[in-house]
Amino acid sequence: MKITNILINQMVEPLGFKLDNFQVTFAIENLSINDFSKVYKKIKIFESESKKVIYLVDYEQYENNQFNVRVKLQARTKYIVEIGIKALNQETKASTFFETGKLDEPYIGKWIANSDKNISNTLFCKKFQRKNVRVKRARLYASGLGLYEAYLNHQKIGNEYLAPGFTNYRDWIQVQTYDVTSLMQENLKFELLFSVGDGWYKGRLGFDGGKTNIFGDQQMIIAELYLDYEDGSKEVIKTDSSWCTSEGKITKAEIYYGEDFDENKKVDSWQRAIELEKNTDQLTDRLSLPIIIHEKLPVKKIIKTPKNEIVLDFGQNHAGWPSFFNTAPKGKKVTLTMGEILQDGNFYKDNLRKARASFTYISNGEEKWI
């Protein structure tokens, strides 16, 4: 008899998710009994660090493989969920964990922006030095409008893309929680960098060419990095006017447009970020699952069309982006345009209407993966 597949709201070990209608489900393998009236289940939930039990249901008759939990959770806290099963002379247990996000805790970070609202790719940077004590736990709570990626000492934080996702941003802005403990161990000096694009928030969206600035007209971020040290001390790095901001190498990017990336563009003219008079009422722990890489597709066929076009056929329709090894000389522009079908043997994209759906790259002459 074995307990497997313990899920929290149908998720495996969720980090920073909104847990309304909190439910724990599980599966039982190798249960050598047919009479389930003789099977019993129990659950215990306790704080990982203090071991304080916050929820306990002792053995009750097994009628289903779930527990509907009604309990008040603390912000930024890791919990252990322990499931027990008893049947005749057999007894077993298994555990998993989940961790809360900010919940209703007030934000001490401020929404920050660049004073230039027309930048296509806003960078935000904060340099800091941690204490010369081992970091026991480090969590980054962050969101951005429109889309953002975060980096710590030039290493991408997390494995998701297009955060914080697509919602009605006037009502609901998802906050992502990242475990960055492992990234905080080897160095004392750090650079926390955010790269922001228009996304659905500010970029062109809709039919017949769409509209821009549907939800807002300025890119921005908000973030709080919590550091818990081995000696019991704590520290918070938060977004405020001490951060610096500049314009990145992405000269234009939108959901339907695609992206233009100029590797030769210099990232300079750093200036102080401005704090926005924007409240945090719309911020909420995330509900959407992260968008991650599920599969890498090789080119199945290279087609030379009657119009002398080069078409890379991946063998299936998909949502993704291209990756290639650059050997182009400095200043050379490489253009990749996406389409779904051929017509009369030629590349065809009129079915995409006014979506440009292209990636352009201006090479700096360095041979590397793009």
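Before anything else, a word on pairing: two strands are said to pair if DSSP finds at least two bridges between them. With that in hand, we can look at this structure, which is a predicted model, and I will start with one pair of strands before moving outwards.

Strand E9, residues 122–129, and strand E18, residues 244–247, pair in the antiparallel sense over four bridges. If you want one contact to find on the screen, take Leu123, whose bridge partner in E18 is Ser246. These two strands belong to an open sheet of six strands, which runs in the order E12-E11-E15-E9-E18-E21 with antiparallel pairing. At the edges stand strand E12, at 155–156, and strand E21, at 271–272, and each of them has a single partner strand, so one side of each is left without a neighbour in the sheet. As a general point to keep in mind while looking at any of this, in a regular strand the side chains alternate between the two faces of the sheet.

Let me turn now to strand E10. Is E10 mostly buried, or is it exposed? Ten of its eleven residues are buried, so E10 is largely enclosed by the rest of the structure. On its pairing, E10 and E16 run antiparallel and are joined by ten bridges, and in that pair Ala142 stands opposite Ala223 of E16. E10 also runs antiparallel to E14, to which it is joined by four bridges, with Leu140 standing opposite Tyr178 of E14.

These strands come back when we ask about open space. The second largest pocket holds about 890 Å³ of space, and 36 residues line it, with Leu15, Glu99, Arg137, Arg139 and Asp179 lying nearest its centre. Which strand supplies the largest share of that lining? The answer is E10, with four residues, while at least two residues each come from strand E7 (90–99), strand E10 (135–145), strand E14 (173–179), strand E16 (220–229) and strand E17 (234–238). By class, the lining of this pocket is made up of 15 nonpolar, six polar and 15 charged residues. It is worth setting beside this a network of salt bridges that links Glu99, Arg137, Arg139, Asp179, Asp228 and Lys234, since Glu99, Arg137, Arg139 and Asp179 are also among the residues nearest the centre of the pocket.

The structure as a whole holds 22 salt bridges, and I would like to go through a few others. Lys265 forms one with Glu247, where the closest N and O atoms are 3.9 Å apart. Lys265 lies in the loop between strand E20 (258–262) and E21, and Glu247 lies in strand E18, so the pair ties together parts that are 18 residues apart in sequence. Both partners are partly exposed, Lys265 with a relative accessible area of 23% and Glu247 with one of 30%.

In the loop between E20 and E21 we also find Glu263, which is 105 residues away from its partner Lys368 in strand E32 (residues 368–369), and this pair links distant parts of the chain. The closest N and O atoms of Glu263 and Lys368 are 3.0 Å apart. Here Glu263 is buried, with a relative accessible area of 9%, which falls under the 20% cut-off for that term, whereas Lys368 counts as partly exposed at 24%. Lys368 also meets the side chain of Glu366 in a salt bridge, at 3.9 Å from N to O, and Glu366 is partly exposed, with a relative accessible area of 41%.

My last topic is enclosed space. How many cavities of 30 Å³ or more does a search of the whole structure find? That search finds one, and the largest cavity has a volume of about 40 Å³. Its lining consists of Tyr148, Glu149, Ala150, Lys156, Ile157, Glu160, Ala163 and Tyr178, and the largest share, three residues, comes from strand E11, residues 147–152. Five of the lining residues are nonpolar, none is polar, and three are charged. Tyr178, which takes part in lining this cavity, is the residue that we met earlier opposite Leu140.

Definitions and conventions. Residues are numbered from 1 along each chain as its sequence is written. This is a predicted model: local features need pLDDT of at least 70, side-chain atom pairs count only at pLDDT 80 or more; totals for chains, interfaces and linings use all residues. Side-chain values use heavy atoms; hydrogens and water are left out. On a 1 Å grid over the protein atoms alone, a cavity is a set of points where a 1.4 Å probe fits but cannot get out, and a pocket is an open set with protein on both sides within 12 Å along at least five of seven lines; lining residues have an atom within 4 Å of a point. Grid points are joined across faces, edges and corners, and a volume is the space filled by probe spheres set on the points. Ala, Val, Leu, Ile, Met, Phe, Trp, Tyr, Cys and Pro count as nonpolar, Asp, Glu, Lys and Arg as charged, and the others, Gly among them, as polar. Buried means under 20% relative accessible area, exposed over 50%, partly exposed in between (1.4 Å probe, protein chains only). A salt bridge is a side-chain nitrogen of Lys or Arg within 4 Å of a carboxyl oxygen of Asp or Glu.
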